[in-house]
Amino acid sequence: MKRLDGKIALVTGASSGIGEATARRLAEEGATVVAAARRAERLQALVERIHAAGGKADAVQADVAVGEQIDALVRTTLDRHGRIDILVNNAGVMLLAPIQDARVEDWRRMVELNLLGLMQLTHAVLPGMYAQGSGHSVNLSSLAGRSVMPGGSVYSVTKFGVNAFTEALRKETVKQGIRVTVIEPGPVATELIEHVTDPASKARITEVFSSIEQLQPEDVADAIAYAVTAPPRVNINEILLTPTDYAR
Ligand code: NDP
């Protein structure tokens, strides 16, 4: 008997990095994982890898910055699996740039995905969790949700927002049997920094990340697994994890 046997876990941003590692980890614990992101081929490869390891998984292509696709993702998951026990709101982008040089389009992308997408997906999943009287919502914030660095203004806006939203959600659902956790990693070796559009910011963050021993996606997946496998009476509110050789 595995700890998450019978649980349905929806993981966004599962086509790479932390989301992919989390999908594999939760499947190892026995959950049926619904892996969501835009790159369908990567999701399919992940599902095949989980199946080959003896786990259960399913892929749903979705852009989590688009309202109709969020609703369709939840509908498809409920049609196929009947319920959602664990929601890992992980999809996100970090488009660093000083305020003066930033592209407003990048700000919009971050707010629409990291914040509005996460909020709308939570809103769409919550009625099912209320009806079940159980569920666990895990939101990916960041060290940038606790401290702001130059060039990280709007990324931090979104992650501070995730922290505020998560805290409100936890307080509102406290009598519903629903657990709520926010995860705040420092630098993790993923594709995240590849998407920075401002060349100077990309060079700076690449230098910072390569000067330390970054966390691995599996380290964050372990933290998420710890929270979701805790006994039902235990709510892990917040996990802040950083590389040992990194101070901020
Ligand atoms: P990656 O870039 O490796 O993964 C991001 C994931 O988000 C991908 O699977 C991507 O899939 C998905 N994604 C991006 N845009 C969309 C969209 N519009 N709709 C659906 N999915 C989307 O980065 P990480 O694994 O590092 O990032 C995961 C989370 O962790 C993010 O929220 C990030 O802010 C947070 N984080 C990361 C840290 C780090 O240092 N790496 C530190 C702290 C927090 P696809 O492109 O296929 O849609």
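Two helices, α1 (17–28) and α5 (153–172), each supply at least two residues of the shell around the ligand. The model is predicted. In it, 30 residues surround the ligand. Arg-38, Arg-39, Asp-63, Tyr-155 and Thr-190 are the closest. By class, the shell holds 14 nonpolar, 11 polar and five charged residues.

Polar contacts to the ligand include a backbone one and a side-chain one to its oxygen atoms. A backbone N or O atom of Gly-13 lies 2.9 Å from a ligand oxygen. A polar side-chain atom of Ser-15 is 2.8 Å from an oxygen atom of the ligand. On the nitrogen side, a polar backbone atom of Val-64 lies 2.8 Å from a ligand nitrogen. Taken alone, the ligand exposes 870 Å², and the protein buries 96% of that.

The ligand sits in the largest pocket. That pocket encloses about 980 Å³ of space. Its lining counts 44 residues; nearest its centre are Ala-91, Gly-92, Val-93, Met-94 and Leu-192. Helices α1, α4 (104–132), α5 and α6 (199–210) each give two or more residues to this lining.

The second largest pocket has a volume of about 270 Å³. Lys-7, Arg-179, Val-228, Ala-230 and Pro-232 lie nearest its centre, among 14 lining residues. Strand β5 (135–140) and helix α7 (217–229) each give two or more residues to its lining.

The residue classes of the two linings are set out below.

| Pocket lining | Nonpolar | Polar | Charged |
|---|---|---|---|
| Largest pocket | 23 residues | 13 residues | eight residues |
| Second largest pocket | five residues | five residues | four residues |

Terms used: Residues numbered from 1 in each chain as written. Predicted model: local features only at pLDDT ≥ 70, side-chain atom pairs only at ≥ 80, totals over all residues. Heavy atoms only, no water. Near = heavy atom within 4 Å. Polar contact = N/O pair within 3.5 Å; in protein donor to acceptor, adjacent residues only side chain to side chain. Areas by Shrake-Rupley, 256 points an atom, 1.4 Å probe, with all protein chains shown as cover. 1 Å grid on protein atoms, 1.4 Å probe; cavity = no way out; pocket = protein on both sides within 12 Å on 5 of 7 lines; lining within 4 Å. Sits in = over half its atoms within 2 Å of the grid points. Helix = DSSP H or I, 4+ residues; strand = E, 2+ residues; numbered from the N terminus. Nonpolar A, V, L, I, M, F, W, Y, C, P; charged D, E, K, R; others polar. Points joined across faces, edges and corners; volume = space filled by probe spheres on them.
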